[in-house]
Amino acid sequence: RVLVGDAIVNEDARLQARVNQLIERVEASLRQCIRLQTAELSASSPKPEAGLMANVAVSFVQGRWLQFAKSGFRKRPSDLSDQAVSMLFS
């Protein structure tokens, strides 16, 4: 609930800023990993935009966290995740 913002609505604004910073750092790390992975692709194949792919991945994870928190921690974030990830990134 902290990572999706539910548990920190009435807390100090610095806590929300720290959570946002954490999410931004995760996205930056994903972006760098994607850049390194796509650097190995041949010059003839189109390279996906690393920033966009990292943003989609983080948005997907945050959405799954939100569903998990809103379902009362019953709907697992990993349910059907393999199919969803392959659909997003294929």
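Helices are DSSP runs of H or I with at least four residues, numbered from the N terminus. Leucine 80 sits in the loop between two of them, α2 and α3. The model used in these exercises is predicted.

**Exercise 1. Compare the span of helix α1 with its expected span.**

Step 1. Find the helix. α1 covers residues 13–39, which is 27 residues.

Step 2. Get the expected span. The rule is 1.5 Å times one less than the number of residues. For α1 the expected value is 39 Å.

Step 3. Compare. From its first C-alpha to its last, α1 reaches 39 Å, close to the expected value.

**Exercise 2. Find the residue that caps the N-terminal end of α1, and describe its partner.**

Step 1. Look at the N-terminal end of the helix. Aspartate 12 is the cap.

Step 2. Check the distance. A side-chain oxygen of aspartate 12 lies 2.7 Å from the backbone nitrogen of arginine 14.

Step 3. Look at the side chains. Aspartate 12 and arginine 14 also form a salt bridge, with the closest N and O atoms 3.8 Å apart.

Step 4. Classify both residues. Exposed means over 50% relative accessible area, and buried means under 20%. Arginine 14 has 64%, so arginine 14 is exposed. Aspartate 12 has 46%, so aspartate 12 is partly exposed.

**Exercise 3. Which residues of α1 are buried, and what do they pack against?**

Step 1. List the buried residues. They are Val19, Ile23, Glu27, Ile34 and Thr38.

Step 2. Name the packing partner. These buried residues pack against α2, residues 50–70.

Step 3. Take one case. Glutamate 27 lies in α1. Its relative accessibility is 16%, so glutamate 27 counts as buried.

Step 4. List its contacts. Leaving out residues up to four places away in sequence, glutamate 27 touches Gly51, Ala54, Asn55 and Val58.

**Exercise 4. How many salt bridges does the structure hold? Describe those not yet covered.**

Step 1. Recall the principle. Side chains of opposite charge can pair when their charged atoms come close.

Step 2. Count. The structure holds three salt bridges. One of them joins arginine 14 and aspartate 12.

Step 3. Return to glutamate 27. Its side chain meets that of arginine 31 in a salt bridge, at 3.8 Å from N to O. The two residues are four apart in α1, so about one helical turn separates them. Arginine 31 has a relative accessible area of 23%, so arginine 31 is partly exposed.

Step 4. Move along the chain. Aspartate 79 pairs with arginine 76, and their closest N and O atoms are 3.6 Å apart. Aspartate 79 is partly exposed because its relative accessible area is 35%.

**Exercise 5. Describe the nonpolar surface patch made in part by valine 26.**

Step 1. Name the members. Leu3, Leu22, Val26 and Leu30 make the patch.

Step 2. Give its area. The patch covers about 290 Å².

Step 3. Place valine 26. This residue belongs to helix α1. Its relative accessibility is 41%, so valine 26 counts as partly exposed.

**Exercise 6. What is the sign of phi at phenylalanine 73 and at leucine 80?**

Step 1. Read phenylalanine 73. Its phi is near 65 degrees, a positive value in a residue other than glycine.

Step 2. Read leucine 80. Its phi is near 60 degrees, also positive in a residue other than glycine.

Step 3. Place the residues. Phenylalanine 73 is in the loop between α2 and α3 (81–89). Leucine 80 is found in the loop between α2 and α3.

Step 4. Classify them. Phenylalanine 73 has a relative accessible area of 44%, so phenylalanine 73 is partly exposed. Leucine 80 has 60% relative accessibility, so leucine 80 counts as exposed.

Note on methods. Residues are numbered from 1 along each chain as its sequence is written. This is a predicted model: local features need pLDDT of at least 70, side-chain atom pairs count only at pLDDT 80 or more; totals for chains, interfaces and linings use all residues. Side-chain values use heavy atoms; hydrogens and water are left out. Buried means under 20% relative accessible area, exposed over 50%, partly exposed in between (1.4 Å probe, protein chains only). Contact means heavy atoms within 4.5 Å. A polar contact is a pair of N or O atoms within 3.5 Å; within protein, one must be able to donate a hydrogen and the other to accept it, and residues adjacent in sequence count only if both atoms are side-chain atoms. Patches are made of residues with over 30% relative accessible area and no salt bridge: like charges are joined within 9 Å, nonpolar side chains (Val, Leu, Ile, Met, Phe, Trp, Tyr) within 5 Å. Accessible areas come from the Shrake-Rupley method with a 1.4 Å probe; for residues, only the protein chains shown count as cover. A salt bridge is a side-chain nitrogen of Lys or Arg within 4 Å of a carboxyl oxygen of Asp or Glu.
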